[in-house]
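This briefing presents selected features of a protein structure for a first-year reader. Please keep the sequence and the three-dimensional view at hand while reading.

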Amino acid sequence: MVLKVFFPSCCATAESGLLIGRWIPEQNSAVVLAVVHFPFIPGQVKQYLSEVQRVTQINMCVLGSWSNSKQEKEEVLDKFLEDLSTIFSHEPWIQLSKERDSKFWSCCIFQKYPSSPKEDEFILVYYDQRKVMLSQLHPTDCLTPSAGHEGNDASKLGAVFDTVAKSKVLFMTDRYDDGPIKLTHWQSEGVEASIIVELMKQASVPVCMLLTFLLSFVSSVRKSRALKFWPLSFIWSKLSTCEQLGHRLEHLQIISSTRKAQNQTQLMRKANIFVSLFIDMALGILLMSWLYRENRIGQLADTLIPVADHIAKELQDLLQWLMGVPAGLKMNRALDQVLGRFFLYHIHLWISYIHLMSPFIEMILWYVGLSACLGLTVALSILSDIIALLTFHIYCFYVYGARLYCLKIYGLSSLWRLFRGKKWNVLRQRVDSCSYDLDQLFIGTLLFTILLFLLPTAALYYLVFTLLRLLVVVVQGLIHLLVDLIDSLPLYSVILRLCRSYRLAASVKFRVLEQKPGKPLRLLMQINPLSYGSVVQTYRLTTYACYPKDSWSSLCKKLFVGELIYPWKHKGEKQD
């Protein structure tokens, strides 16, 4: 039988005493958590272990004895430690002792009813108790063949990590306590604490209660019936700024909740949200300070009107080119003139609207700049909405051209079925055979000819404005990608992986310290941290996904038949 003893490295220099911990019969392993020093009363030790077991819900017991031969008389002590096995009836009884003037240890086991006549083999595994207690062992689902053995060992060691993590109450006593029992563990020299952290914990309770009250009031106002009427509900659902504010409001409600995190995953999620909000607001304040320095708001307002005029002039030149002979193509002149003048009139209306708003643009930008204090993501969402409003005429041109082109495509496809003696069955959603008379075929031929000869003119306008619309969509898409990156990036987990990599454990590895015939094999357990990609994938935060995610084939199909791409719709809404 191979017996594995997990021994904390901080107890290697402890005085002689009793080994307390947990016995795992499924793995034939013993997890040593602390050493109880002499003198002690066995009844008090049993009472203390029962109290710890009640709090931690772990089967805590006396595993055996520990002898440090450098400090005690070996002959008398060994006899006394063997006699303790009759008081603390644990099966098996483990006796560890450090040999005098030697780096090797001796390990013995006493059993009243041995399971096998063969001599037992021992593996002594040292582990860093502080790192194991603070770390979280993540399950490895996808393992490479070379790391398969390490992954299996890590999955079996989950009980060891869980035992040390749940025994936090045991580590809250140090040698300065006046209790009857003296222990040696990783905090025996003094409990690790910070005055600043404790003060922040005390101050966080009233702050969280105040934030919870304010956020509940804001949330109730947001869910009120006044915001569910058509104009306000339409604006709230279409503007990226409103969606981002609602998303950040949910984050604030999560981190300001007074309920304690139930597990490590919820704790990491709260920490990631808090760090993301903090960095987002810090970047927003930096942006706001840059905007209000050296009158950059006024410079931006003075630049905006000439840029809008320049874009409108370029669009007018483009329409004049399309109304002529673009690239030597001969268009239908009547339809070409109607479409060109229609779009030129829209540009004229847009220029008038911009010049009408020009006296108020600087004031609007001044108030919009203040919103950067809510975070960089809010400022980027406002920028996306401003781009959408400034390019609204391009969006209108694209919708007009797409609807006209789509009407011609579907008309031609329907009339093409008429020539083949077929029709579309709306009820059964399929193409069925149908007989047509001569008048229907004549009218269908005329309509097919008209639509076919008008198609190149409509297709050219559709192509030009689709390219302009795609350019605007790409710019807005890049902004939304940046917003999603800031919202979803688990910054706390990445910083934790960089500074304290042992907190995010993927697996473990063992390094051989000493190996000698007749002596227990001594191993050192070390933690393998998660890779940065796994950290991001595991702790990535959810986002609100402003646009539906179409595949490339679906996008190309929409472009070919003239369906609208990326309109002002959000995920989960019905498409046109």
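Helix H8, residues 240-255, and helix H9, residues 264-291, have axes that come within 10 Å and cross at roughly 130°. The structure in which they occur is a predicted model. An angle between 115 and 145 degrees falls outside the parallel, antiparallel and perpendicular ranges, and H8 and H9 are therefore oblique to each other.

**The contact of H8 with H9**

- The crossing in which H8 passes H9 is left-handed.
- On the side of H8, the residues that meet H9 are Arg248, His251, Leu252, Ile254 and Ile255.
- On the side of H9, the residues that meet H8 are Arg269, Lys270, Ile273, Phe274, Ser276, Leu277 and Asp280.
- By character, the residues of this contact between H8 and H9 comprise 6 nonpolar, 2 polar and 4 charged.

**The loop between H8 and H9**

- Ser256 is found in the loop that lies between H8 and H9.
- Is Ser256 buried or exposed? Its relative accessibility is 3%, so Ser256 counts as buried, the cut-off for buried being under 20%.
- Ser256 and Lys270 are 14 residues apart along the chain, and their C-alpha atoms are separated by 9.3 Å.
- Lys270 is also one of the H9 residues that meet H8.

**The contact of H11 with H14**

- General principle: two packed helices are described by the angle between their axes and the distance between the axes.
- For helix H11, residues 333-370, and helix H14, residues 438-488, the axes come within 10 Å and the crossing angle is roughly 25°.
- This angle makes H11 roughly parallel to H14, since angles under 35 degrees count as roughly parallel.
- H11 and H14 cross in the right-handed sense.
- Which residues of H11 and H14 meet? From H11 they are Leu335, Asp336, Leu339, Gly340 and Phe343, and from H14 they are Leu454, Thr457, Tyr461 and Phe465.
- The contact of H11 with H14 divides into 6 nonpolar residues, 2 polar residues and 1 charged residue.

**The loop after H11**

- Gly375 is placed in the loop between H11 and helix H12, which spans 376-390.
- The relative accessible area of Gly375 is 0%, and therefore Gly375 is buried.
- Apart from its neighbours within four places in sequence, Gly375 is in contact with Asp280, Met281 and Gly284.
- Asp280 also belongs to the H9 residues that meet H8.
- How far apart are the C-alpha atoms of Gly375 and Ile285? They are separated by 7.2 Å, although the two residues are 90 residues apart along the chain.

**An exposed loop residue**

- Tyr176 lies in the loop between helix H5, which spans 158-166, and strand E9, which spans 183-184.
- With a relative accessible area of 54%, Tyr176 is exposed, the cut-off for exposed being over 50%.
- Tyr176 and Glu189 are 13 residues apart in sequence, with a C-alpha to C-alpha distance of 8.1 Å.

**Strand E1 and its partners**

- Strand E1, residues 2-8, is mostly covered, as 5 of its 7 residues are buried.
- E1 pairs with strand E7, residues 121-127, in the parallel sense over 7 bridges.
- Within this pairing of E1 and E7, Val2 has Glu121 as its bridge partner.
- E1 also pairs with strand E3, residues 29-37, in the parallel sense, here over 3 bridges.
- The bridge partner of Lys4 in E3 is Ser29.

**Strand E12 and its partners**

- Strand E8, residues 136-137, and strand E12, residues 504-514, form a parallel pair over 2 bridges.
- Gln136 has Leu504 in E12 as its bridge partner.
- E12 and strand E13, residues 521-529, run antiparallel and are joined by 8 bridges.
- In this antiparallel pair, Ala505 stands opposite Pro529 in E13.
- The hairpin of E12 and E13 has 6 residues between the strands, and Gly518 takes a positive phi near 85° there.

**The chain as a whole**

- The protein chain contains 17 helices and 13 strands.
- Of its 576 residues, 42% are buried.
- Among contacts in the protein chain with a separation of 6 or more, 72% are between residues 24 or more positions apart.

Technical notes:
Residues numbered from 1 in each chain as written. Predicted model: local features only at pLDDT ≥ 70, side-chain atom pairs only at ≥ 80, totals over all residues. Heavy atoms only, no water. Axes fitted to C-alpha atoms, helices over the stretch in contact; angles between N-to-C directions. Helix = DSSP H or I, 4+ residues; strand = E, 2+ residues; numbered from the N terminus. Parallel < 35°, antiparallel > 145°, perpendicular 65-115°, else oblique. Left-handed = near helix turned anticlockwise from the far one by under 90°. Contact = heavy atoms within 4.5 Å. Nonpolar A, V, L, I, M, F, W, Y, C, P; charged D, E, K, R; others polar. Pairing = 2+ DSSP bridges. Buried < 20%, exposed > 50% of the residue type's maximum accessible area, 1.4 Å probe, protein only.
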